[in-house]
Every structure is written in C-alpha cells, then in structure tokens.
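Visitor: I am new to this structure and would like to be taken through it. May I put some short questions to you?
Guide: Please do; the structure is shown here.

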Amino acid sequence: MIRRNPLILGNKTYETITNDIASVVERFPKPAFFVGLSATLFLLFIFIFAKGMIVTYGMGMMGTSHPVNWGTDIITFVFWIGIGHAGTLISAILFLFRQKWRTSIARSAEAMTVFAVMTAGLFPILHTGRPWLAYWLLPYPNQRGPLWVNFRSPLIWDVFAVSTYATVSIVFWYIGMVPDLATIRDRAKSPWRKRIYGALSLGWRGTARNWNHYEMVYMLLAGLSTPLVLSVHSIVSFDFAVASLPGWHTTIFPPYFVAGAIFSGFAMVVTLMTIFRELVPVFKDYITLDHMEAMNKIIMATGLMVGYAYGSEFFIAWYSGVEYEKYVFLNRAFGPFAWSYWIMVTCNVIIPQVFWFKAARRSIPIMFIVSIFVNIGMWFERFVIVVTSLHRDFLPSNWGTWIPTVWDFGALFGSFGLFLTLFLLYSRVLPAISIAEVKPVLNVGREGDGNGHH
Amino acid sequence: METQNHGVTNKYWMSLEQWRNDPEFARLVENEFRSSPLQSEDGKDGWARREFLKLMGASLALTTFGCVRRPAQKIIPYAKKPVEVTHGIPNFYASAYSEGYESIGILVTTRDGRPIKIEGNPDHPGNQGGTSARAIAHILKLYDPDRFTNAKRNLQNATRTNRETVNVSWENVDKAVVEQLKKGKVAMLMGTQISPSTQALIEDFAGATNATLYNYDDLSHSSFLEAQKVCYGQKALPRYRIDRAKYIVAINNDFLGTWLTPTHFNRQFAEGRRAMPEMNKLVVFESLMSLTGTNADRRFRIRPSQSLDVVMALLHEIIVVKKVSRYASDGAVLRMLSAFARNGGDLGVDVTGVADELIKNRGQSLVLAGGLPAETENAMSLYIATNFLNAVLDNEGKTVEPAAVEAWGTQRGISELVTALKNKEIKTLIIHGCNPLYSLPRSAGLEENLKDVEMIIYTGDRNDETGRLCDYIACDHHPLENWGDSRSLDGVVSVQQPTIEPLHNTRAMQDSLLSWMKGLGKGSARARGSETWYDYLRSNWSDNLARNTGGKSFDDYWVNLLQVGVRETPERSGGGRGFVTSALARVKPSQAQSGFELVLYETVGLGDGSLANVPWLQEFPDPVTKIVWDNYACFSLRDAKQFKIREGQNVTLMVGDHTVTVPAHIQPGQADGVIGLAVGYGRKGAGKVAEGVGVNAYGLAAWKDSRLISSGLETKLTVEKTFVELACTQGHHTMEGRQIVIEETLADHIKKPGGAIHHHPDLTMWKEIEYKGNKWGMVVDLNSCTGCGACVIACQSENNIPVVGKKYVLRGREMHWLRIDRYYTGTPEDPDTVHQPVPCMHCDNAPCETVCPVIATVHSDEGTNDMIYNRCVGTRYCSNNCPYKVRRFNWFDYTEIQKPRHLALNPDVTVRHRGVMEKCTFCIHRIRFHKTQAKLEDRELRADEFTTACAQACPSKAIIFGDLNNSESKVSGEFKKPHAYALLGELNTKPAVHYQVKVRNTEELKGESKHHEKGHHS
Amino acid sequence: MDIIEKGIQLLRSRGRKGIAGIWLDEHKLVEAARKTRQAGYTKFEAISPFPLHGIDEAMGIPFSFIPWITFIFGLAGFSFGVWFTWWTSAVDWPVIIGGKPMWSIPAFVPVMFELTILFGALSSVGALIFVCGLPKVDPPVIDPDLSSHKFALFVPEDDKGFNAANIEQLFREMGAVEVKRTEF
Amino acid sequence: MTKKFVGALVVFSILGGLSALVYALSNNKVVIGYNQGYEPDQPIPFSHKLHAGQYKIDCKYCHTGTETSKHASVPSLNVCMNCHGPGLVQKESDWINAIREAYNSGKSVAWQKVHLLPDFVRFHHGPHIKAGKDCTECHGNVAEMEKIKQVSSLSMGWCVQCHRQPENNAPTNCSTCHY
C-alpha cells in the first residue's frame, strides 16, 4: 500500500476545521479584500459600460464583420464555458472516482463553474444583434401560431445544454453547501446572520436519515453531471463542428473541446487557488501542495491531449485531401493570424511541459505563471478556431479580416470583472471549503490512521 | 388607364399625357403634393418606412403617447384621388435616360406618385430592357438633399469669388436675364445634346438672341468626331455593330464599360458571345485594365503612346506583308506604312496573329479606339488609322454603319470661347449640361477670363465648381421631372416624360429659354407659339419627328408613343462610307516615351463625376478593382516593385507643374510604365456624399491644340511615406485553384460543353424535399456576363439596400445582396479576368437554415430561401455557415436615410432593423405580387412573366430567372444544360442558382483549375 | 402578510420531546446507535456534522429510494424531449429547414439528452427536499456544535417502549459526554 | 390535515396557473397586447351602421382597392361627393358641410387608423376576397357599428389558424407575409 501524504496538514480536529473555514465567513474582511473588490468592480463596470454601449448602438461597434461574424463574444463564451468544466469535473467525476483529495478544492471549483457559466451565458445573448429578443430562443407557447424554435440548430442545443448545465451546477453546488450553511447558522451570534444562513441552509439538521438520502442525491447528481459536463462542451463544439466551414467541420471537436475545457478549467483553478492560499493562509493546510501537484498533473495530461488534437487536425486536413481544409490549416499556421496560432501552441503545448519536473509541479510561482499562460493559450485556441477559420473560407473573394476595437477589449476584460467580483464575494460569504466533506478525510494519510484506506 | 402587370402587354405603363387630356388634371396635380411627405405638417415621416404613404398618398404622424393604443397612425386619403393612382399598385412610365451620347429607354416605376426604380425599357431596340448602373442610380439625384430647391443668385465679388448665395424668384431671374440678354453679345456653353427637340430649341434661342453656341463635354469625343469628318467627310458617330462582329479589336477603348453607349454595346457583345459555335473573339490592346480588357479573350499590354503603333503595325502587316485589300497596291499608302514597320521588335507586341485573324474575319471584324485612355496628343492619328483599318478590313457598311444624323454640329469649341472671352466679346454666358470648371485644366484659361463676363447663368442644380462662379443658378429639373426626347447612336428616338411633379421650385432649362425668349419677344414661330417646353416638344414632334402615324391623329400617335417610349422607326442609313485616303496624310508617328505615362480614365460607376453625390455609385465596387469611395493611381506590378510602392501608399503625380497626391493601387494586367487615374472624383460643392472623395484627375490633364489630352501624359512620380486605406470589397483576387469560375476554351466547349466541370458524387442521409408548385431558380451565364455591375445597383435600388460608407466597407460591411466577384487567373502581371455575380444561392439544402435557432431563415415550398427579418435575433450563425457568404448583417441602424433620399425606398421591401441579417430574396416581393395578380385574374402564372431586378437590369442578359418546374420557362432549360454547374457543388447545398461556364475564344487558358489535379475523387 | 405568516407556520417544524446524548467521537456514536437499535428503538435519530460511515447499517436505515425517482423522471424528461421535438417540428408547424426531414432525429438528440439530465437532476433534488422535510424554519437545535464537531443520538418520547432512564444509562455507558432531555 | 390541504392547494394553484398561462399564450382567441377592441373617435363621425347597415351600400363601393390592391383603402373625398355632392344627399348637416368644404379646398381628412399591421407584415386584400372570404369574417359586423372597432386580434396566430385550415388551401410559408 502506497503511503499517502496527509490531505490536511496542521493536526486539525473537527472543531478547528470548523473554525478555520467558518471564521473566514464570520470575520470582517481585511482592507486588502476591499482593494481587490474595487478592482474587480471597476472591471465589472467596464463590462457593463462596454456591453451597454454595444447594445445601444449596435454590434457594429465590435470587431466582428463580414466574413468574421463571430468574434470576441463567442470566443469568450467558449472560454468561460470551458473554465467552468473543471469545477464539475472535480466535484463530480473525481467524486465518482473516489478521489478524496478533491474535497478541499471542490467547493471553490464548483463556485468557479457557476460563476464562469453565468459569465459565459451572457455572451451568446449579448452577441446577438437584438439581445432584447433573445428569449425567442426558448420554445415557449406564443401567439405567433405558435411558432417554435429550430431544434436542428446547435444554438438551440446550446440553450438547452448551457441552461441545464447552469441549473444542475448551481443545484449541485448549493446542495453540497447546505450542511455547511447549517454549520454557519449554528455558529452565528447575530440574529440576522442566523436568519439568513438559516434560510439558506433550508433548516438542515444533519440526521442520519437525511444524510442517507443526501449522500445518495449527491452521488446521483455527480453521476448526472458527468455526462452532462461532457455533453455541454461537446455541444458547444457542435456550434462549430456542425457548420460546414472548413476548420470547423471536424469530428474531433467534441473530445478536443472537452479536453481543452478541462485543461483551461484546471489552469483557472490553479490560478485562483494559488491566490486564495496567499489571501487566506490557513487554507494552505487544506489546499496543500499535494493538491496543487495533482491538478498540475491533470493540466499536463490534458495539455498533451490538446496538443495531440492540434497535430491530428493537421494530419486529417492533409489526409482528407479537401483543398479548403488544407488551406485553412496552412493559413492558421502561416497566414495573417499565424501569431495567434503560435501563441496558442506555445501556451498550451510547450509551456505546460515544465510540469514533467516535480519541482515545477510543486512550485507555487511556476504553476501560477504556467496557469496564466494556459488561460491565455486557451483563449487563443478559441480565437484560432473562430477567427482564422472564418476569415478565409470557400470563396476567396470573401476573404476578410478581423480588427478588434476598444469595445472588444472592454467585453473581454470586463467579463473577468463579473467573474472575479462574484468569486470574491463568494469567498467571503460562503464556506469556501466544504466543511462536511473535509472532516471525513481528516485522517487520510495520518500516522497510525486506521480509517484512511477506504 | 393602362396600369397592368409588367410584361403583360406593351401598354402596361402609362403616360402622363393621358391625364393631360383631362382638363381637371392640372388642378389635380397641383393638389397632389399638398399632403406629400415632403410637406407633412410636422416635418416627420413617421415610423413606418415600408409605406411612406401608408394609405393614399398620405403622410403619417405618430400621435402622442398615452393614447389608447400604440402605435397610433392616421390615414389621410386624397381629397381628390387621381384616377390612375391606386394605393399599393405601381405605375410604370416609359421614358429615356441620356448621358453623353448614350440614350437608353427606361421604365420608371412609381408608387403613389414617387418614382422609386428605374428599369430598362424592353421595347427600346438598343438596350432591350437592360440598363446601366448609372441610369438606375440617377434616381437618387432626384432625391438629392444637396440639390437647390429654388433658383439662386450668387452675389459675386469683383474677382468672381462668391460672396453670398441668395434665393431669387423665377420672375426676378427672368427680369434680370431678359434685361441682360437685351445687351447682346450672348454666348451659350452647352454640353452635347442628344435630344433633337432640345437641340432645336437651343438653336431657336441662339437665333433669337443672336447667341454664339459653344460646345463642351466633360468627357469629350471631339477629336473622334473630327477624325470621322476627316476620314468620311461627315462629322457623325457611326453605328458600331458589335453584334455582327466576330472579331473585335479594342485599342485603349472601353466600349463595354464607358465608351459612347456601353449599355447597347454590352447587349450586342453578349449576343455575339452566345452565338455558338461562332462565338466572337475580343482582342484588347490597352494600358490600364478596363472592363473591356477583363472580358478580352486575348489581351496585350501597351503604353498609351503605342496605341497608334499597334494600329499601324496591324495595317502594315495586313497591307504590306500580307498584301490584303485594294490598298496593297496603293503606293502612297505603302509608303506611309513603311514608316511603321515596327511589329514585334521595339513595339514589344507581336500583332501577326491578330492581323491574320483580322484578315480571316474581313467584313465581320471591328477595330475600336477611343475614350479618355486613347486621347493622347496624337489621338487624331490613332482615330484616322483605326478608321482606315476598318475600311481595309471591309467593315464599312457591315460592322460599321454610317449615322443618319450628323452630330450636333453648329457649335464651336471651348478654345473659341476662351478667345472670345479674351476679346471681351461676351457679355452674357449661359452654361448648361457641362461642368467646365471641374473638368477643364486651368491651362485652358477659362476661369480667369470669366470674370469680365457681365452675367453667367448656370442651369446646374447646385453650387458646384462651375456654379459658384456664376451669377444666376437657374436650376434645371431632374430628368425624371422633365419632358424631353433623345436620339441614341443607332438612330432610335425615345421620349422622356416626367414621372413626378417637380419636387422643388426648379424649372426646366428649356422652359427658362422659352420664357427668356418671350421676355425678349423673339424666337421662332414654334417657340412663340409654345406656352411651355412641353408644347414646344410636342409641336416639334408633330412637325418633325413623328413617323408612321399610320393614319392616326397626332394625338393618338403621341399617346401611344408615350406608352411605348420609343419611336418605332429608327433613323438609319445603310451602305458603307468611302474612306478618304488623303486623311492618312494627317497620321503622324507618336513620340516614344520612356518615363511614366499618365492615363486618365472613366470609371463605370462615376463616369464624368456628375453623379458623384449619389451614394450608391460611390459605394459601387469598381468592376475591375473592386475599390469604392476613392480614386487611386494604378500601377503595374513591376513598377510597384521597382518603386517600392505598396497598396494604399500615397504617391504624388506631377504633370507639368500640376501635382496631385493620391493613394496607389497595384493593378494586375496593367502595362508597365503607365499610371492610371480615374476622373469623376475630387468634386467640390457637389454635395455631402461626394465631398472629399478622391482627387480631381482632370487637373493633371493637358490642354493643347484646343484639346484635352488625358493620356500619355509625361509624369514625375514621388512616393510618399503616408498611407490611405483603400476600401476594397473583395478580399482576395485569385481562385486559389478552386472550382469557382470554370473556364473552357471555345474548341473544348464546342466539343463537349461543360467538359471542364468536375462533378462530385452527392451522398445524402435524407430523402429530398419535393417541390410541387413553382420552384424558383436562376442561371447566370458567365460567358455573357461582362461584369458591368448594373445588377448590383438594380438590386440596391429594388431592395432598399443601405450604403455604409468607406469606414465600414473597410471592415467588410458593405451590404450588397448581389456582388460581382472578379478573379484573376494566370500570372498577376498579365492575367485573364473572370466576373461572377453572386446572389444568394437559395440552396435546397441550405446550411444557413439549419443553424438558425429561431426559424428566421427557412425554405418556402417554392424553393426560395426566405429571410424573415422580424424573426431574426441576429446570431449571425447563418452568415458564418453560408459557404457563399452572401448574407449581410445590419451592424448599425441603417434605416436613418437623409431626406428626401428615403423617398426612393421601395415600399414593397421591408427596411431592415438594426441587428438583423438580410440577403438576396430572389425578389420575393415580385414573386408574391405576380402570383397574387395571377390569382386575382384566375389564371396560372405564365412562364417568364416577371423576373428579378438583377436579371431585368442586366444589359447582356446574363441572368435568367424563372420557374424551374415550368418546362416552358427559359431557366428550366438553361438550368440543366451540361455546361451549367452549381458553385461549390461538392458541398451538396443544391443551389437554385447555376452558373454556365465562361468560354474563352483562345487556344489555351491562362489559369487551369487545380481543383482535381490529384484526382482524389475519381 | 397573512399568507406569508401561514407559509412560515407551514414550514415551522414541530419539535418532539425526547432524550438526547452527545458524543465527541463518531465511532462511539455509531456503536451507541447500534445498541440503541438493539434496545428496540426505531424512531431514534443520529445527528452528525458529516455523514457517518456505517451509521445506516447501525440504525437500520434502508437504501435510499431516490434513484427510482431519478430514473422515472429522467425517462419522463427523455420522453418529453422526444415528443416535444417531434410535435413542434413535424406536427404543429412543419417548416422546410435545410432540406432536412421534419423530424430530424439525430439533430434532436442533444435536446432529448439535456432534458433527460435536467428532469433527472431536478427531480432528485426535489425528492431530497421532500423526504428530508425541507425547507424548515428554525428547527430545534440540541446543541449548536452538532454541525461542527459533536455527534448526538436522540430518542423521541413517542418511540416504542420509551424509557428515559434506560436510554440515559445506555448513552452514558456508550461514552456520551452529555445526556439531556430536549426537543427535536 | 389542514397542512396537507393547504400544501395541496398551493401545488394545484401553481400548476393550474401555469396551465392557464400556457393556454392563454397558445390560444389565439385570448390575446394580450393586440389592440383588439380598439374603437377610436374619428374626426368625422361616419356611421357604417347607417351607410352599410341601413342603406346597404356595398363595402367595395367605397373601399375600392379591396379586390385589386394590397390596401382596401379609405375612400378619398370625391367618393363621398358622389352622393353628398352639391344638391344631393343631406345638404344641411354640419359634418357633411365640413366634408364638402374640405373637398372644395382640397384638404384631406385625417382618419384614425383602426386596423394596423406592423410594417413587416404584407397583407393583400385581393386573394382573401377572391377566396370568398366575407369582409365580416375579419372586420366583424360593420353594418352594426356606429364607430369602427377592431374585432379580431390581427395577431400572427390569428392569421395562421385560418391559413392552416386545409379547406382554405392557403400557404403557410413565412414569406407569404414577411419579406
């Protein structure tokens, strides 16, 4: 039997675990928090302003044009949806695989999922020419005949997939949080705090019968989320794969997108967790270097998958013999947008190779930098797919280009404002580590532990 | 009332005259516009753009909020409804459009008294239903917001710099002008008039006032006419029969794009293209890349100074070497030709093959030269030599027919005017139909000599380059507001009738002349007996122009004439003309040039620049360069490389002491050592649209021997460091070896039509949808298409397509539903060119439909791909998934159109909201209109009962539209021809538009498709 | 306001009187629960801050029935997806789209799949909320630390053969740090 | 008992409300926001009840475009003058005099539009009349109306339900009405 390192450091007891995690919620934040919050609120303001202007005056303010009809909005949508995947993967798939190390990062990863999907969900709505009519994408009974929607359109699949994903993720996250909310309720001193967390905890009491159903539902949700998360990014990839455009029309997209999503999602978790560990030092006992290393291994593995996909795309383009396909891929690597392609390859394939070295996997600064690069690289992966495929397609007369405007940057960077604001608020008002899940794994890897082998 | 369907009878358009017979009419017309949108009470046109006149010529008003319901609208019917106006039903009026020497028959569609569209008159034998981009677009000049709405007086300083422009009543204009005219010494500077009645009136006026007539055209053919006179003794433009010519040689001549009467020539040329297996062959020698050059089967690049040498080399080869024709024994001719024995060698072009083929096609060949690029210093020699070559080839009387009528010939040229001005022989000058201060180089000396003239009267409609120097602007009507007539080069006389009461307080030039004559109490009997210009015109017709009245009274004849628009008997004379050999003595060798030679040229879109304020034409992609909103100096690839010039880089051109700084454009196929620059740009005072677009190339032209020299100008070039982005609507200019435009040589085509098409096996998962009723389809014959672009503007006019401006064209956001792709094949230095109009393909398996989430683009059961604007949310997914990229997105709110341009909108086509996709609809509103009409008349839709706007406008009949399920329709046959193919057919989109291969009359093609070189499909 | 008051009344839990023992070690609690059950009590409850290993077996709690709910509703979601895509696309208003048949099954699979998942997930959570009697307003708390680091057993008075003294003795024997009469 | 009852009541009322909403939205007879019943005052109190009801003047006598044009069109004043011209019907009424005055001075009357379709809807009266539809099917019994009132909803669903009837043999392409 392999000797494991302890999952939780610092000789915790159940009581200290409760104190460590709940006290973050209970104490008044430090000034640093408000500095951070103002920064993210500023970004959020940029987002609202940029999108407000675009909705007011028209999509023409962004860089999208003919033939590149999709640009920053869709790229960023796919980017954030991809980010979201790591959370569900950690909370659901690793749960099904009985990976106990997931417990201390699962909550924040799920929160990341929820906020990322919320951020992502805004983009397809706001990228439309008439966002105030976006509700027409929902098949609701109406007075137009009734007129339904086109279930053949990948965008309708998106509506179903993303809304189902958002709903199930939020439910999963929330159900997981209910016992912890009850803990905070029980520790609350002020009546308001008791009332609010009491309501949020739904009056959870922690009886064995409830725990019995609770664990079952948690497992069911994990079981449902697993195919769901795979389907969501597959369906997002269908937006491209189902189209006839060379560079989009590929069967490899679903697995490629899922791998990429996990890749970018884990990178984002690493980014957030490295910062989190520094901001709340006590969390270093829960989110240990072992956790970070495990995530870095996944980053490297999925990075290799993504790299393989890049290579196989080229091979298939050549092997298919389709002239349009061949051209698109050569154009990606050597055309006017080649810079974006090589940024993508560098960030996603080359840089993560440092994780072959254990020292790099366990170095917080290195992994932070790598994770940032991976995030950049994955944004550019979607950029490469969307923009370079669109800008030169079948008829050369249509070839065009894509020139970003200040509003594109506003939408892209502003979206981080929305995401980070939500995440910052979450980190102060909700238990950022699952108290009830961490406690059962307290003894894993401890000396003289008799229960750790499950 | 003869308001019936299009294409049903020849009486489907109506004549204004019919109402004229009604005494009530005049009064009705006065009231007609009382409730017009132009004069609505609150000055707003309301929110409903689809129907300006929501009901019965009414204006709309949004009532205040908080009303019972929103939006509340009002219905304002006529007080007295004109009997021929039925709200919701268009009226068509036959009329004529003239420009330079071109006259084409048009039909004007009016709705509720507003002209909204100009179409070709199928009864006109010259254009036969086709039109040109400019003819269609000149409707926007009617609704030009920058037009003067009243007569104006420019208060001039002593140096003729405009101090102030004030309104002046017509009475006061007349008073002042008549007073002035009494002083005598009157001169009239007139643009060429092809209207026989206007000519007569002007001559009447000149006689009455003892005025001297001077002639000037912004695009002058005076040396060409002079050469005709020298060669044949008659100063007339011959009738070129391109339809009869099997072998056409054009030397710096753009007869398909801009020369003389391109609309007619396009039709004739296309007929010759389609005459299989005897298809014509076009050989072009030219310096720039013109529209004609792009259609050449064989093309040679020459410097403008070599134009004459080419003709002489051909003559030398034919007469001296091959000893063909009777001149082969004419010693004088042989002597003269020996000086030009420069074939091959220092000419750089071997014309032997061309000469051989010309000899073979004697009597059915045609050699053409002329137009701005041919107007070198030695142009006269070129024209004489060309005429001689046609004579040598026995083309006289066969492909060159003499004109029945001499060109309007009583006037003198502009240099005589300048002399007269210098001698202070002119007190009053009336300028009409030309813009000399724009198009004359300063060296002509007109401007500085004008200041001594006591009064200058200009009939233009704005203070443009000429107008600002004039005292009175007696603004003329727009042709759509005015009566008139015109004679085309083939002798067809058509009538022009007004289709709208004048929008503004303008007055016809002819009415002005008549009233001044009245003021003077002089003039011919006809002038004195005519109350209005209309009376004069009618009486001139009654006396001089009416033919074959067939025993009918003139009144009946006149009514019928107005309905048809065209006088049935053309003025023609047959037989050949004898070439006066002595003319050859005037042929002088051209000076060889080594430096850069500047060639000015006319664009298909803007022509002489008089329509520069029409936004459609500014955003009309040049058929060759596809650049909009600019003119630019064209360089050959070699020169660009040598002088390190990049696309859009500013260059300064210096001719003599005049300089112009203009962005460079690198033009494949252009001759080395040549710089091309388009005229028609750089207008001043022409209006908001034209302001600041391009530079005035006329400034670089030279004035020598009373002639404007626009070609072969020795030019110094300075390359600047700055750049201007040129807005090009096409992203890439070669086909990358893809099967897009398929070309075949004539020999291959005759052997196996469509043999060059590589077909792909189609596999499908689904059972195909069956279309049981109508199934609309289109065939575009790439062999007939010359790329002139009339269809693009016709579509724009028909479908309310917005103009987005240069800034957004640069971003690829032009909105044309129908675009013409132009590809080069072969080497970029000397390519072949193909044109391909691309509308929406209306694919049966439409990729756009599948991906639309909200069913905003769907198929109808008639096979059209419908775009439902009001359902569209604007995801733009459809456009991404369209392999042809024909979909256009409303990136901004394009519905705000400056008034009164909005009056040109077609009420049958929805004006699209911001944020929705749009695209070619196959003119679905026409389909619906005609299907409804058929239903109302209890009949089936007839085959080819109607067609789309593009097909209707096409002068070369390259576009055929109709019902594929109707075996009688033309399209159903053409669609299935073996040489018809689907664009990107391997995608199995099953387009409802098929293309027919482009046939080139050559031995081998310059660019072979690499499409199936690997043979991986078979 | 009346309705809100009534709603709160509805959600207010009514505590049962009974006896509770509190442990600090979860293993001892599991043993105590087994003993309690062996003593014949059936309605007693174990309260813990996290799910306890082995408590189900110790207390004789049956396997949760919720997977059946998930299955049935998942199936319902799938069937709804099949029916809805078919009815809207092929029956109610068939439109020719992209030359495809009205009921293009492969294209409708994603919608059917997502509806399956959505119905399954929401029904499971709904079932959980229903069987746990959630939500509840201010449920009685035996000890606030029961959601942190303490473990409790509670035997209600209405349990069969309730004997306070016996239970207290049993709890003390099994290592309860505190035994008290309380409401839960 | 009460608790369960209240619970059941809540559940059922939610379900019932939802079904009612779905019914209301999908049923073309119950419409919201379509100006049904709009009955504005007109500048001249023209009575259809009098003209079409009592005197039985055919609709198409005044609404001349009905069979030929997209627009049935409100008659111009010269149509009124056919009967109300000098020396003809109703010489002394103030309203008639007003019309006569307007006619003589060439001024138009600004009527309140009652039946209003959005700009993107193309409706042609002709085929509907041709198909034998009576005016009253859409416009209600105008002969009974003192003031014209919008009887039908004119919603898209309202159009489509009729076009869908197989016996009407009417197209339901989107481009039948939208282009």
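**Where chains A and B meet**

Guide: Between chain A and chain B, 42 residue pairs are in polar contact, both residues being at pLDDT 80 or more. Please bear in mind that this is a predicted model.

Visitor: Which elements of chain A give two or more residues to the side that touches chain B?
Guide: They are helix H2 (31-57), helix H5 (154-187), helix H7 (208-241) and helix H10 (323-334) of chain A.

Visitor: What is that side made of, by class?
Guide: The side of chain A that touches chain B has 33 nonpolar, 18 polar and seven charged residues.

Visitor: How many residues are in contact, and what area is buried?
Guide: On chain A, 58 residues are in contact with 56 residues of chain B. The two chains bury about 4600 Å² between them, with 54% of it on carbon and sulfur atoms.

Visitor: Which residues of chain A lose the most area to chain B?
Guide: His66(A), Arg130(A) and Leu395(A) do, and together they make up 15% of what that side buries.

Visitor: How many salt bridges are counted between these two chains?
Guide: The count between chain A and chain B is one salt bridge. Lys885(B) forms a salt bridge with Asp393(A), and the closest N and O atoms are 2.9 Å apart.

Visitor: Where in chain B is Lys885(B)?
Guide: Lys885(B) is in the loop between helix H27 (877-881) and E36 of chain B. Lys885(B) counts as buried, because its relative accessibility is 0%. Lys885(B) also has a positive phi of about 50°, although it is not a glycine.

**Backbone details**

Visitor: What is the usual sign of phi?
Guide: Most residues other than glycine have a negative phi. Lys424(B), which is not a glycine, has a positive phi of about 55°. Its place is in the loop between helix H14 (414-422) and strand E15 (428-432) of chain B. Lys424(B) is partly exposed, at 49% relative accessibility.

Visitor: Where are there cis peptide bonds?
Guide: The peptide bond from Gly145(A) to Pro146(A) is cis, with omega near -5°. Pro146(A) lies in the loop between helix H4 (103-126) and H5 of chain A. Another cis peptide bond joins Lys899(B) and Pro900(B), with omega about 0°. Pro900(B) is found in the loop between strand E36 (888-889) and strand E37 (917-918) of chain B.

**Charged side chains**

Visitor: Back to salt bridges: how many are there over all chains?
Guide: The structure holds 83 salt bridges over all chains. One of them is formed by Asp471(B) with Arg160(B), the closest N and O atoms being 3.0 Å apart. This pair links distant parts of the chain, 311 residues apart. Asp471(B) is in the loop between strand E16 (455-458) and strand E17 (472-473), and Arg160(B) is in the loop between strand E5 (152-156) and strand E6 (162-167), both loops being in chain B.

Visitor: Are those two buried or exposed?
Guide: Asp471(B) is buried, with a relative accessible area of 11%. Arg160(B) is buried as well, with a relative accessible area of 7%.

Visitor: Which salt bridge lies within one helix?
Guide: Glu168(C) forms a salt bridge with Arg172(C), with the closest N and O atoms 3.7 Å apart. Both residues lie in helix H6 of chain C, four residues apart, which is about one turn of the helix. Glu168(C) is partly exposed, with a relative accessible area of 32%. Arg172(C) is partly exposed too, at 41% relative accessibility.

Visitor: And which charged residue of chain C is buried yet has no salt bridge?
Guide: That describes Asp159(C), for which the nearest side chain of opposite charge, Lys43(C), is 5.8 Å away. Asp159(C) is in the loop between strand E3 (151-156) and helix H6 (164-173) of chain C.

Visitor: What does its side chain reach, then?
Guide: The side chain of Asp159(C) reaches the backbone nitrogen of Phe44(C) at 3.5 Å. Leaving aside neighbours within four places in sequence, Asp159(C) is in contact with Tyr41(C), Thr42(C), Lys43(C) and Phe44(C).

Methods: Residues numbered from 1 in each chain as written. Chains lettered and ligands numbered in written order. Predicted model: local features only at pLDDT ≥ 70, side-chain atom pairs only at ≥ 80, totals over all residues. Heavy atoms only, no water. Contact = heavy atoms within 4.5 Å. Buried area = accessible area lost by both parts, 1.4 Å probe. Salt bridge = Lys/Arg side-chain N within 4 Å of Asp/Glu carboxyl O. Polar contact = N/O pair within 3.5 Å; in protein donor to acceptor, adjacent residues only side chain to side chain. Nonpolar A, V, L, I, M, F, W, Y, C, P; charged D, E, K, R; others polar. Buried < 20%, exposed > 50% of the residue type's maximum accessible area, 1.4 Å probe, protein only. Lys, Arg positive; Asp, Glu negative; His and termini not counted.
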